[in-house]
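Hello,

Here is the structure I promised to pass on to you. Please have a look at it first, and then read my notes underneath.

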Amino acid sequence: MHVQDSHWSSALAAGATMSAPTGGGRPDGARTTPLRVDAQRNLEHVLRAAREVFGELGYGAPMEDVARRARVGVGTVYRRFPSKDVLVRRIAEEETSRLTDQARAALGQEEEPWAALSRFLRTSVASGAGRLLPPQVLRVGVAEDHGLPDHARLPQQRTQAAGELRLVPETAVAVAAEGDAGATELLDVVGQLVDRARAAGELRPDVSVSDVLLVIATAAPSLPDAAQQAAASARLLDILLEGLRSRPA
């Protein structure tokens, strides 16, 4: 699994210049009348194919690959999604919403903090949603503590010497400024899971929300054999969970 930043950037750049073929339809979401049965079926095929292709190849995969996987013409894809940007955002928003729902379910159905956090991680990795996380919820870079204002830090963000590689999580304030309410909500709910597990002494104090999301993004490898993929994901997640858990001094 790869972090999607470069692919996302190329997709947005490409989306800004791509236009729909002659006779293209409205952008997704602008339609006010119900789709015909065949049009609805094609839309479902395109969305399913986009999830698979972007999950395997990243957001830089061309629209032609999506059309080929969906077994429709590329013009059919563009009639529903007049630019690649529109399709990429649709997929990312759906997957972010799915992760948020999974986090809320874990919060509401598990009383034990560690059980809630591990349930969220296992459910999310099994669903494969981590392969499609938008990069604004995954930031890896070099930063100094004094370079981040107080409001731009998640609780108990890891502290390291200046210049070391560290995760720099996008905060609710920063994400909201980008207009991505879905990512803001995801960070908030996962933050609740992290806070509960840390307060219970079951999560390492240096683990951040970004660490948890990075686990989801990296513990769902894309392998050709479904059984092998499930086994590899489960094994890798077991190892990563052990790394997240606090140990008696």
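Below is what I found, starting with the whole chain and moving on to a few helices.

Please keep in mind that this is a predicted model. The protein chain contains 10 helices and two strands. If you follow the sequence from its start, the order is α-α-α-α-α-α-β-β-α-α-α-α, so you can tick the elements off as you go. The chain has 249 residues, and 43% of them are buried. I also looked at contacts between residues at least 6 apart in sequence: 69% of these join residues at least 24 apart.

A good place to begin is helix α3, which covers residues 63–70. Which of its residues are buried? They are Met-63, Val-66, Ala-67 and Ala-70. Looking down the axis of α3, you will find these buried residues within an arc of 95°, so they line one face of the helix. What do they pack against? Their partners are α2 (37–57), α4 (74–80) and α5 (84–109). Just past the end of α3 comes Arg-71, with a positive phi of about 60°.

Two of those partners, α2 and α5, also pack against each other. Their axes lie 10 Å apart, at an angle of about 85°. Angles of 65 to 115 degrees count as roughly perpendicular, and α2 and α5 are therefore roughly perpendicular to each other. On the α2 side, the contact is made by Leu-47, Ala-50, Arg-51 and Phe-54. From α5 come Lys-84, Leu-87, Val-88, Arg-90, Ile-91, Glu-94 and Glu-95. Sorted by type, the residues of this contact are six nonpolar and five charged, with no polar ones.

The other pair to show you is α6 (residues 113–127) and α8 (residues 181–199). Their axes come within 8 Å and cross at roughly 140°, and the crossing of α6 past α8 is left-handed. Where do they touch? In α6, look for Pro-113, Ala-116, Leu-117 and Phe-120; these meet Val-190, Leu-193, Arg-196 and Ala-197 in α8. The contact of α6 with α8 has seven nonpolar residues, one charged and no polar.

If you would like a route through the viewer, try α3 and its buried residues, then the contact of α2 with α5, and then α6 with α8.

Enjoy exploring, and best wishes

Terms used
Residues numbered from 1 in each chain as written. Predicted model: local features only at pLDDT ≥ 70, side-chain atom pairs only at ≥ 80, totals over all residues. Heavy atoms only, no water. Axes fitted to C-alpha atoms, helices over the stretch in contact; angles between N-to-C directions. Helix = DSSP H or I, 4+ residues; strand = E, 2+ residues; numbered from the N terminus. Left-handed = near helix turned anticlockwise from the far one by under 90°. Contact = heavy atoms within 4.5 Å. Nonpolar A, V, L, I, M, F, W, Y, C, P; charged D, E, K, R; others polar. Buried < 20%, exposed > 50% of the residue type's maximum accessible area, 1.4 Å probe, protein only. Arc of directions from axis to C-beta. Parallel < 35°, antiparallel > 145°, perpendicular 65-115°, else oblique.
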